[in-house]
Amino acid sequence: MDGLTVAAAQQCVIEAMKQLGTESVPLQQALGRVLAEDVRANRDQPPYDVSAMDGFAIRSADVANAPAVLEIIEDIKAGDMPSKTVQAGQCARIMTGAPVPQGADAVIRVEDTQVVADTLSPNSLPQAGERDAVSLHEKILGRVQINVVVKSRNDIRDRGENMKQGEVVLQAGTEITPGVVGMLAMVKAASVQVYRQPRVAILSTGDELEGLDEPFDANKIPDANSYALMAQVQALGITPVLLGIARDEPEHLKQMLQRGLQFDVLLVSGGTSVGVHDYVRPTLEALGVQMKFWRVAMKPGHPMAFGVAPLTWVFGLPGNPVSSMVCFEEFVGPALRCSMGHSRMFRRTVTARLARDVKHKHSRTEFVRVMLGKEGDALVATPTGEQGSGILRSMAMAEGLMVIHATSKGVAAGEQVTVQLLDGTEFQTEAGGNW
Ligand code: AMP
Ligand code: MG
């Protein structure tokens, strides 16, 4: 075997990870984090039976032979408390969200009623622009004709139907989505206990590299990896620290790596291969990093390395920009999400139909960068052109990574393939490959 399988390498990484402890964050900054504690409701919500409609709170027995004319005894808006009990032959005008008064057991929406004309006084008659039923109803107490028969509890929202005091409404381990933020606000959680985010450092290595701030030199290779990796980390909601570029010189590299080992996670790109100037692995080992694996049977990404230090998880990523990014997707992203308490760590996969033949002549799992389109109901995956590991454009255009099994002899146009989605915030619990 040409290195560890992708699945075995992923397992090794996830087994080495752990959550990083917890912290309290204001609700305004909680989106995307993971709850570290159960959250309970601190009240019944709604706090009493409320109307689901603008209309009339009635006694259902009174309308059993509708139409029926009822006397309106009160107007109840959301925020009001009813002051009267609805007796036989009576009703209360009620607005959505307002408490249902004593005596009433159902609500009739305003559309199923009509004002009784003889109750209109001259100054309660509709004015121009007030012809609709709601504005007319708003003006008058009096009598109303109910035109429908309803069952008891019609259009009443039960006290506590949304949440009941004391019940666990969100469990520890829940990812905080916008809906969860709404729930947290509803229980007045101004701050929430979440898993801490890792502090991530990124280091590029190579004498040939030119930093973004350095003067243009046509003979150099611009440092793309620092920034592509930065963006991949940012996409997970974490702000990384860029350490810059280490030269291919053991002493300088050592100093830079030492800085990186102050962080929870260190991403080093380049210098992990077999070149005589690839000092990253031996230097990491000299600094006490225990290397867990080196080389994964994948393409791109073969010279990927992973190690652990007392404080730090260290990923030695290949220098080729596409390899570095693909290795991030397969190993670093899941590891970072694991450390933040997510159970959905891996990119979501979809099944698509391959648009054209793709050859496969080696024994490594291959990640082909694809765009996704639709043909009828089917998703169609089209490779993003030249797939060399230095051709970053293939990654820039990609919506997904199509996974080709190590033993595959190639995939023909029209065959079903598994694609890991690169965009969005969708993740899944199982690694989604075909290896
Ligand atoms: P290495 O793994 O150091 O042998 O690098 C493999 C290839 O990736 C070489 O062609 C490097 O120039 C290139 N490379 C390494 N690091 C970077 C980087 N930060 N940005 C762009 N290309 C890089
Ligand atoms: Mg290098």
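**View 1. Strand E24 gives the largest share of the lining of the largest pocket.** In this predicted model, E24 supplies 4 residues of that lining. The strand spans residues 365–375. Four other elements are listed with E24, each giving at least two lining residues: E13, E15, strand E19 (298–299) and helix H7 (321–339).

**View 2. The largest pocket has 45 lining residues.** Its volume is about 710 Å³. Which residues lie nearest its centre? They are Pro 300, Asn 320, Ser 323, Gly 388 and Ser 389. The lining is a mix of residue types: 20 polar, 13 nonpolar and 12 charged.

**View 3. Ligand 1 sits in the largest pocket.** Around the ligand are 15 residues. The closest are Glu 208, Asp 223, Ala 224, Gly 271 and Gly 319. By type, the shell holds 8 polar, 5 nonpolar and 2 charged residues. Two strands each supply at least two residues of this shell. One is E13, residues 200–205. The other is E15, residues 221–222. Both strands also supply at least two residues each to the lining of the largest pocket.

**View 4. Glu 208, Asp 223 and Ala 224 each place an N or O atom a short way from ligand 1.** Start with Glu 208. An N or O atom in its side chain is 2.5 Å from an oxygen atom of the ligand. Next comes Asp 223. Here the side chain has an N or O atom 2.8 Å from a nitrogen atom of ligand 1. Ala 224 uses its backbone instead: an N or O atom there lies 3.0 Å from a ligand nitrogen. How much of the ligand's accessible area does the protein cover? On its own, ligand 1 has 480 Å² of accessible area, and the protein covers 77% of that.

**View 5. The second largest pocket holds about 320 Å³ of space.** It is lined by 18 residues. Closest to its centre are Leu 31, Gly 32, Glu 175, Arg 337 and Thr 425. What types of residue make up this lining? There are 7 polar, 6 nonpolar and 5 charged residues.

How values were computed: Residues numbered from 1 in each chain as written. Chains lettered and ligands numbered in written order. Predicted model: local features only at pLDDT ≥ 70, side-chain atom pairs only at ≥ 80, totals over all residues. Heavy atoms only, no water. Near = heavy atom within 4 Å. Polar contact = N/O pair within 3.5 Å; in protein donor to acceptor, adjacent residues only side chain to side chain. Areas by Shrake-Rupley, 256 points an atom, 1.4 Å probe, with all protein chains shown as cover. 1 Å grid on protein atoms, 1.4 Å probe; cavity = no way out; pocket = protein on both sides within 12 Å on 5 of 7 lines; lining within 4 Å. Sits in = over half its atoms within 2 Å of the grid points. Nonpolar A, V, L, I, M, F, W, Y, C, P; charged D, E, K, R; others polar. Points joined across faces, edges and corners; volume = space filled by probe spheres on them.
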